[in-house]
Amino acid sequence: MNISMKRLGTAALFAVSLYAGQAAVFAQVNTQRLDSFMNHVAAHNKMMGAVAISKGGKVIFNKAIGQERIVDGKNVAATKNTRYRVGSITKMFTSVMVFQMEEEGKLSLDSKLATYFPEVPNADKITIGQLLNHHSGLHNLTDDPAYITWNTSAVSREDMLKKLAALSIDFEPGAKGQYSNSNYILLGFILEKVGGKPYADLLKERITGKIGLKNTSFGGKPDPKKHDALSYSFDGKKWVAREVTDMSIPQGAGAIVSTPADLVTFETALFQGKLVGKASLEQMMDLKDDYGMGVFRFPWGDSRWAWGHTGGIDGFSSMLSYFTDDSVCIALSSNGVNYSINEIMIGLLSIYYDMPYRFPSFITFEMTATELKRYEGVYSSKEMPLKITVKEENGSLTAQATGQSAFPLEAVSREEFKFDAAGLRIAFAVDGGGVANGLTLKQGGKEFTFTKD
């Protein structure tokens, strides 16, 4: 059970259950309501970031909210040109370049990893194609508990290869699909070896320079001159700066920085055949155990589908999705979220497609520090091997699960609290004196009971 946000996003954009009805026939975009919705989200400190929506390659809505950076108490407002770390959306760019080289005869999807990096476990069995669709069996580097102890420092390519070579094998290649950032870090290294250039140069030569993406590049230290956003978490009262991963680590799995406008231009160009041929695109979209080769398929309504990827790294979260039936593309990027970014995407798409939608209520229940202290304590459960420590700090309540970062809880009633960013609710059980003696954690349709130690 993971009750915090992952650093490098996996592949969940929309759930089928979130969309009960078929999207309405598109008539005219209500940009005023889209604008109001984003302002509503910003006014309640639920997200800082930007959104871009395009149709047929033309951007028809583009808005930024919140701050690009907060330094020494001074705010630098986000703009349409603010660049965000897009995390695992980088994998789409990496996949495109792999297919470009495959079309040029420079590599084969059937080639074994051992051709390039024989030191990696099972390299003589793993193919490039299996790296692309997450069927390699290589353990996910970012899932190791030790990862957060070194991810903010630069790692040389040689040392990264040593870390990858030390990975365990979760299953035999091809046996099943399982998401692993390790796959795309290796693919990025393969691109450099085959292309004879750094990933950053290949990206510019093969994608950004080719289709005119002026605000997309391989990331480095956040540069204010380039309008690179800083990473934040919300502590219940204000946005707090977070440490950021050194971009020498995620590489081809998650090192790209971009803007939503550039992202919709990129994915539209991909589906318009400007980056790879039709056969390559079809191969990218060929699902095996729900994994494509660099893309995922997401449901909308009863019968429509979007293609794209999600990304999350540090406090950054992004979503990118393209609807093939009407050439609509939407990108949402954030450098701080205090609400489910998936719910924000649902709101944007519902408004775009003129579906019934009510703005979410962000009203919370006010409690004093004395009242909040009644919930302090360490809680354990027989249903899962982790403990939750609840503390009152400066008039706010926080919770921290074993081995994870603390997160703020907002009161929605006297005994129930929420953490919207992870879709989590905690309901406390209290004794006759009003002091908590247990809690129920609710997340993802499941409930877990904890008692106070």
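# Exercises on helices, loops and overall dimensions

In α2, the residues T90, K91, M92, F93, T94, S95, V96, M97, V98, F99, Q100 and M101 are buried, where buried means under 20% relative accessible area, exposed over 50% and partly exposed in between, with a 1.4 Å probe and protein chains only. The model is predicted, so that local features need pLDDT of at least 70 and side-chain atom pairs count only at pLDDT 80 or more, whereas totals for chains, interfaces and linings use all residues. Residues are numbered from 1 along each chain as its sequence is written, and side-chain values use heavy atoms, with hydrogens and water left out.

## Exercise 1: the helix α2

Task: establish what span α2 should have, and why this helix is described as largely enclosed.

Solution. Start with the element itself: helices (H or I, at least four residues) and strands (E, at least two) are DSSP runs, numbered from the N terminus. The expected span of a helix is 1.5 Å times one less than its number of residues. For the 14 residues of α2 this gives 20 Å, and because the end C-alpha atoms are 20 Å apart, the two values agree. Next, turn to burial: 12 of the 14 residues are buried, so α2 is largely enclosed by the rest of the structure. Finally, look just past the helix, where G105 takes a positive phi of about 75°.

## Exercise 2: the helix α5

Task: carry out the span check for α5 (residues 181-195), and identify the helices against which its buried residues pack.

Solution. At 1.5 Å a residue, the 15 residues of α5 should span 21 Å, and the end C-alpha atoms are indeed 21 Å apart, which agrees. The helix is mostly covered, with 12 of its 15 residues buried; among them are Y184, I185, L186, L187 and F189. These buried residues of α5 pack against α2 (90-103), α3 (128-132), α4 (157-165) and α6 (199-211). After α5 comes G196, whose phi is positive, near 70°.

## Exercise 3: L109 in its loop

Task: decide whether L109 is buried or exposed, and list the residues that it touches.

Solution. Locate L109 in the loop between α2 and α3. With a relative accessible area of 7%, L109 is buried. Contact means heavy atoms within 4.5 Å; not counting residues up to four places away in sequence, L109 touches V98, F99, E102, T127, I128, G129, L132, Q283 and M293. As for L131, its C-alpha atom is 9.2 Å from that of L109, at 22 residues apart in sequence.

## Exercise 4: two asparagines with positive phi

Task: find the loops that hold N122 and N394, and classify each residue by its accessibility.

Solution. Recall the background first: most residues other than glycine have a negative phi. N122, although not a glycine, has a positive phi of about 60°, and it lies in the loop between α2 and α3. At 17% relative accessibility, N122 counts as buried. N394, likewise a residue other than glycine, has a positive phi near 55°, and its place is the loop between β15 (387-393) and β16 (396-401). N394 is exposed, with a relative accessible area of 70%.

## Exercise 5: two loop glycines

Task: state which residues G177 and G423 contact when neighbours within four places in sequence are left aside.

Solution. G177 sits in the loop between α4 and α5, and its contacts under this condition are H134, H135, F171, D289 and Y291. G423 is found in the loop between β18 (416-419) and β19 (424-430), where it is partly exposed at a relative accessible area of 46%. Its contacts, with the condition applied again, are K442, Q443 and G444.

## Exercise 6: the chain as a whole

Task: compare the radius of gyration of the protein chain with the value for a compact globule.

Solution. The radius of gyration is taken over C-alpha atoms, and the globule rule is 2.2 Å times the number of residues to the power 0.38. For 453 residues the rule gives a value near 22 Å, and the protein chain has 22 Å, which agrees. The C-alpha trace spans about 75 × 55 × 45 Å along its principal axes, and the chain has 10 helices and 21 strands. Of the 453 residues, 54% count as buried. Among contacts between residues at least 6 apart in sequence, 66% join residues at least 24 apart.
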